[in-house]
Amino acid sequence: MATARIIRDLPLPGAVNMRRDTALLDAWRPGDPPILRLYRWRPYAVSYGFHQRSGDFDHAAIASRGWDLVQRPTGGRAILHAEELTYSVVGPSPSPLFGPSLHSCYMAINEPLVAFLRALGHEAEISGGEDRREQRQAVCFKSAGQHEIRIGGRKIVGSAQRRREGVFLQHGSILVGPRHADLLDCLPPRRRGGLDRDGLLAVTTDLGRLRGAPYQESEYADLEERLASAFAARLGLELVPVAWTELGLADQSA
Amino acid sequence: MIPNDRKYTQEHEWVQVEGEIGIVGITDHAASELGDIVYVDLPEVGAEFSAGDSVGSIESVKAVADLYLPVSGEIVEVNPALDGDPGLVNSSPLDDGWMVKVRLVDPAELDSLLDAAGYEELLG
């Protein structure tokens, strides 16, 4: 069985989380086994896409809540990382494991994500796509791009990818609770695309709402365990825990 | 049909040479795979790079991909139309969607790139 390395981080500030994902991408060399990283955010953090601008956000509103604002190395639009599980995968592309293309890469990683959701009793589906106009909106979870995962027509996983020569970084958020919708408080009104909190909640769902009861802090570890198991089973991988010091990345990842 | 009037890289860029200038873009295959392109970041005119350097990035609805320069040289022009209409890369990747023009410093580098047949073989 092929192996992959797994890192399970404690909840971290936004800048550290994005620095760690970027460090994994920068450090990857041909022949390295893939890396799966599972993490969360403390404090909550607004992340924005590689080509978005920091000036698009209401910095005072974010600071007054004690949240972080951080740019991602990947594309897409803004997310408030609050009640969610976050994953990242760094691996080779093209490759037998992730297929020959960007599309196959997304689909390979969607398999364990969909399996994870189905194991929780939720019938997940993969969306057909959005157009260029939707992509120019500010809010990530407002619309579902091609390859994004929905349940009952509502988006529950948002993912983004960065591709370099022979390697990709894909990271994504699995919504566990509804706090992500507070993102709208962090955007000037002109950037909200006519959306309000209820409107955003109407086009998204989360594990708590699907279960009919919010997930407690103590339940996240079990969700992470289930997610890691789904990656191992669906991709046929043995997941070997690895520490930042073993990767030689302790400095860059602090 | 892959045009045989230019060279290609394994990362799906093309370079077409006119005198001492190489015009660089990404292939139809790359543009199709990325899907609708929404932003293109290009280097400053006057910047100098080596072959294989990442000189910019392309963001689509699916991913951000680095743009690599197939040949060494100085950037002499970037496509101004892409700022307002990045979709040109999708609609006309081999012509109107070109990205940068570079003054070649070593035309022999072109010999190591793929010709149309080689690129067609790469695509399978």
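How much area do chain B and chain A bury between them, and what share of it is on carbon and sulfur atoms? The views below come from a predicted model.

**View 1. The contact between chain B and chain A, seen as a whole.** Putting the two together buries about 1900 Å², with 48% of that on carbon and sulfur atoms. On the residue side, chain B brings 21 to the contact and chain A brings 20.

**View 2. Salt bridges and polar contacts between chain B and chain A.** Here you'll find 2 salt bridges linking the chains. One of them pairs the side chains of D66(B) and R162(A), at 2.4 Å from N to O. Polar contacts add up to 11 residue pairs, counting pairs with both residues at pLDDT 80 or more.

**View 3. The side of chain B that touches chain A.** Four elements of chain B each chip in at least two residues: helix α1 (28-34) plus strands β4 (37-41), β6 (54-60) and β7 (64-68). Sort this side by class and you get 10 nonpolar, 4 polar and 7 charged residues.

**View 4. Helix α7 of chain A, residues 220-235.** The helix runs for 16 residues, and its first and last C-alpha atoms sit 22 Å apart, close to the 22 Å you'd expect at 1.5 Å a residue. Plenty to pick out along α7(A): Y220(A), L223(A), E224(A), L227(A), A228(A), A230(A), F231(A), A232(A) and L235(A) are buried. That list takes in the charged residue E224(A).

**View 5. Just past the end of α7(A).** Look for G236(A), which comes right after the helix and has a positive phi of about 65 degrees.

Note on methods:
Residues numbered from 1 in each chain as written. Chains lettered and ligands numbered in written order. Predicted model: local features only at pLDDT ≥ 70, side-chain atom pairs only at ≥ 80, totals over all residues. Heavy atoms only, no water. Expected span 1.5 Å × (residues − 1). Buried < 20%, exposed > 50% of the residue type's maximum accessible area, 1.4 Å probe, protein only. Contact = heavy atoms within 4.5 Å. Buried area = accessible area lost by both parts, 1.4 Å probe. Salt bridge = Lys/Arg side-chain N within 4 Å of Asp/Glu carboxyl O. Polar contact = N/O pair within 3.5 Å; in protein donor to acceptor, adjacent residues only side chain to side chain.
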